[in-house]
Amino acid sequence: MQRLPITERPDWRSKAEEYGFNFHTLYGEPYWSEDAYYRFTLPQVEYLEDVTAELHQMCLQAAERVIASEQLLDKFRIPKHVRDFVRESWHNRQPSLYSRLDLAWGGSGDAKLLENNADTPTSLYEAAFFQWIWLEDQMAAGQLPAGSDQFNSLQEKLIDRFRQLQQHSGFNSLHLSCCQHSSEDRATVQYLQDCASEAGLPNEFLYIDDIGLGEKGQFTDLQDQVISNLFKLYPWEFMFRESFSMKLADAGVRWLEPAWKSIISNKAILPLLWEMFPGHPNLLPAWFSEDNPPLPEKYVIKPLFSREGSNIRIIDQGREIASADGPYGEEGTIIQQYHPLPEFDGNHTVIGSWLIDDQPAGIGLREDKQLITQDLSRFYPHCFTG
């Protein structure tokens, strides 16, 4: 795994605008960056694929255990009034769409699971589509080694997944939704709409705030159509605390992601995985803060529901050496042994390893000068060679 300089495509900004990639620059700083790229070997890509598949299966085993335990549901802060709803989604094997594991790995040794973004993962568009365009353009320009490829079957697997949902799971149409005021969220949902359309699955968009509640307790859109299937880029932990959460079980909606994703997307999965698979080479030691565990010399405090690095704190010998602000933490925290991200040219790099349903499907890389990867951390493309 190398970080190599490369000449930027002269027209990439206009191409980004043409393709609707309107958040390539955020607050005057580059989000998408292509002055360098990460190069892997084929064995490294195959290793990441294997690790991703194994970790995902371990998370599913952990979900099975949580579903069967009131004590663990307490620790995961799943509200009592939605527990039957979550259990039913698991027992009925309600289908999933996608997820992303964040891994610390520099190309050698054991990759380590940092967290599982299994409910509302973003950076999908740039990982699935725009970095593939980069690969094609740079190959055509002779900027990459002959025979270069990319660990990226995201788009074809997404289209296939939407086709499967339509043919085998009864998704005859799909509403997709996200919050207003986030260009990244809207772009992610628009990309998913495009994939669903390519698969022949009729779909419509509406913002979360525009979802209504009909007379019979069904969720409705702005045309008062009943919503039967809904993809929501909105966290389950938020939904569980909304007033309409009392209606979730009776609304007759099939959700993407399903409610059981509230378990494996929860940071509480990390200490449970360590308890279930102690010493596993791809896990970091982790504990529930409320259990008052003996603390390692250097560790990370993570809220159960934190996203994009919010409210994470890194502690070294009792002293805080890095932290990120945010709205999380009151729900409780876990402690994870610190593991340094690989450093390339002064940048700390994290690998986002994607799954479509249960299948590894590609990677995206984010880097930052700071120790904590956050929402504005830069995205860099990658390729691999045989």
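What covers the buried residues of α10? In this predicted model, the cover of these residues includes α2, α3 (70-75), β6 (112-117), α9 (261-264), β13 (286-288) and β17 (333-337). Helix α10, spanning residues 269-276, is mostly covered, with six of its eight residues buried, namely Ile269, Leu270, Pro271, Leu272, Leu273 and Trp274.

Leu273 also appears in the largest nonpolar core, which holds 68 residues and in which Phe40, Phe76, Leu248, Trp255, Ile263, Leu273 and Ile351 touch the most other members. Helix α2 (residues 42-67) supplies the largest share of this core, contributing 11 residues. When neighbours within four places in sequence are left aside, Ile263 is in contact with Ala63, Val66, Ile67, Phe76, Val86 and Ile269, the last of these being one of the buried residues of α10. Another core lies apart from the largest one and comprises 47 residues, among them Leu97, Ala127, Ile133 and Phe231. In soluble globular proteins, nonpolar side chains tend to be buried together.

A helix pair was also examined. Helix α6 (residues 154-168) packs with helix α7 (residues 183-198) at an angle of about 60°, their axes lying 8 Å apart, and α6 is therefore oblique to α7. The crossing of α6 past α7 is right-handed. On the side of α6, the contact is formed by Gln155, Leu158, Ile159, Phe162 and Arg163, while α7 contributes Tyr191, Leu192, Cys195, Ala196 and Glu198. Sorted by class, this contact between α6 and α7 contains seven nonpolar residues, one polar residue and two charged residues.

How values were computed:
Residues are numbered from 1 along each chain as its sequence is written. This is a predicted model: local features need pLDDT of at least 70, side-chain atom pairs count only at pLDDT 80 or more; totals for chains, interfaces and linings use all residues. Side-chain values use heavy atoms; hydrogens and water are left out. Axes are lines fitted to C-alpha atoms, for helices over the stretch in contact, and angles run from 0 to 180 degrees between N-to-C directions. Helices (H or I, at least four residues) and strands (E, at least two) are DSSP runs, numbered from the N terminus. Angles under 35 degrees count as roughly parallel, over 145 as roughly antiparallel, 65 to 115 as roughly perpendicular and the rest as oblique. A crossing is left-handed if the near helix is turned anticlockwise from the far one by less than a right angle, and right-handed if clockwise. Contact means heavy atoms within 4.5 Å. Ala, Val, Leu, Ile, Met, Phe, Trp, Tyr, Cys and Pro count as nonpolar, Asp, Glu, Lys and Arg as charged, and the others, Gly among them, as polar. A nonpolar core is a set of buried Ala, Val, Leu, Ile, Met, Phe, Trp, Tyr and Cys residues joined through side-chain atoms within 4.5 Å. Buried means under 20% relative accessible area, exposed over 50%, partly exposed in between (1.4 Å probe, protein chains only).
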